[in-house]
Amino acid sequence: MAYETIIVDIEDEVALIRLNRPEALNALNAQLLDELSAALADADRNDKVRCIVLTGSEKAFAAGADIKEMSTKSYVDVYDADLFGAQIDAIGRVRKPIIAAVSGYALGGGCELAMVCDFIIAADTAKFGQPEINLGVVAGIGGTQRLTRLIGKSKAMDMNLTGRFMDAAEAERAGLVSRVVPAAKLMSEAMAAARKIAEKSQIATKTVKEAVNRSYETTLREGLLFERRAFHALFATEDQKEGMAAFLEKREAQFRDR
Ligand code: HXC
């Protein structure tokens, strides 16, 4: 499918998806989110893809939802369209791992889009924020919920109430991002991480995603039980036999997703 607001490249079993609305700092409009959710669903189905990297430009991962597009809408318009709810839920249902590679601004819906990915690698130029308060609204696709679970109530309140931006170093200290790298190395680091994930058994990587995400949705007791059963279940796979045999034979494992 031909896309206008994103660019998709598949290389070494990694789908690299770049947001591409430079004129608006990759602001998320309906077209972009429709294309992105379609491209991610495609990548999820494509046997040649084992991991996904989502990125923007050097200046902006995404500066939020498109304010021009939203500004004149009524409550009924956004309620009826479930504005961005369907697309963000679809992104959340992707089973293959998604790494967000963030350089520059990740604001509002941009920060929320990064958080719906599985982890964030940030350039030292990254700036995160939930500035919706400055527009007379609040975050709408995770900025009061995912952010609070990731960085805690105090910082989430601070970000959402003041609208201030957090730099990459603070985001790493707060646990919003997994690593910070020099801007020039962002894509090589993110692609290397994705290729590393692509080498693993896909049954296991998908199970990791399910289990870690479960920890946000359930009690510790239920989550631990889910993890234990998932661990037990993987003993039914050929990849468990191969992974453990390869260790004992001091060779690289050849996983077949079986
Ligand atoms: C539409 C945007 C935009 C946005 C930037 N642009 N952000 N257009 N929606 N969110 C456009 C600008 O209008 C401008 O277009 C061009 O991109 C360059 O932006 P500048 O402001 O000139 O750049 P700069 O001075 O470097 O400032 C960068 C910035 C600023 C700090 C990121 O653009 C900014 O504050 N943007 C808005 C951030 C924001 O409030 N995000 C939250 C949106 S609400 P022109 O045509 O003038 O050159 C949201 C809700 C999510 O995300 C919930 C969804 C359900």
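This briefing describes salt bridges and the surroundings of one helix residue in a predicted model. A search of the whole structure finds 15 salt bridges, and three of these pairs, D12 with R195, R21 with D66 and E170 with R164, are set out below together with the accessibility of each partner. The residue A230, placed in helix α11, is treated separately at the end.

**The pair D12 and R195**

- The side chains of D12 and R195 form a salt bridge with an N to O distance of 3.9 Å, which falls within the 4 Å cut-off used for such contacts.
- Because D12 sits in the loop between β1 (6–11) and β2 (14–19) while R195 belongs to helix α9 (residues 186–198), this pair ties together parts of the chain that are 183 residues apart in sequence.
- D12 is partly exposed, its relative accessible area being 47%, and R195 is likewise counted as partly exposed, with a relative accessibility of 34%.

**The pair R21 and D66**

- R21 and D66 are joined by a salt bridge in which the closest N and O atoms are 2.8 Å apart.
- R21 is found in the loop between β2 and α1 (30–45), and D66 in the loop between β4 (60–62) and α2 (67–70), so the contact links parts that are 45 residues apart in sequence.
- R21 counts as buried because its relative accessibility, 11%, is under the 20% limit that defines a buried residue.
- D66 also counts as buried, at 9% relative accessibility, so that limit of 20% is met on this side of the salt bridge too.

**The pair E170 and R164, and its network**

- A salt bridge brings together the side chains of E170 and R164, with 2.7 Å between N and O.
- E170 counts as buried at 10% relative accessibility, whereas R164, at 27%, counts as partly exposed.
- Through salt bridges that share partners, E170 and R164 belong to one network that also takes in K155 and D158.

**The residue A230**

- A230 has its place in helix α11, which covers residues 220–233.
- With a relative accessible area of 14%, A230 is buried, since this value lies under the 20% limit for that class.
- A230 and T207 are separated by 23 residues in sequence, and the distance between their C-alpha atoms in space is 7.1 Å.

Conventions
Residues numbered from 1 in each chain as written. Predicted model: local features only at pLDDT ≥ 70, side-chain atom pairs only at ≥ 80, totals over all residues. Heavy atoms only, no water. Helix = DSSP H or I, 4+ residues; strand = E, 2+ residues; numbered from the N terminus. Buried < 20%, exposed > 50% of the residue type's maximum accessible area, 1.4 Å probe, protein only.
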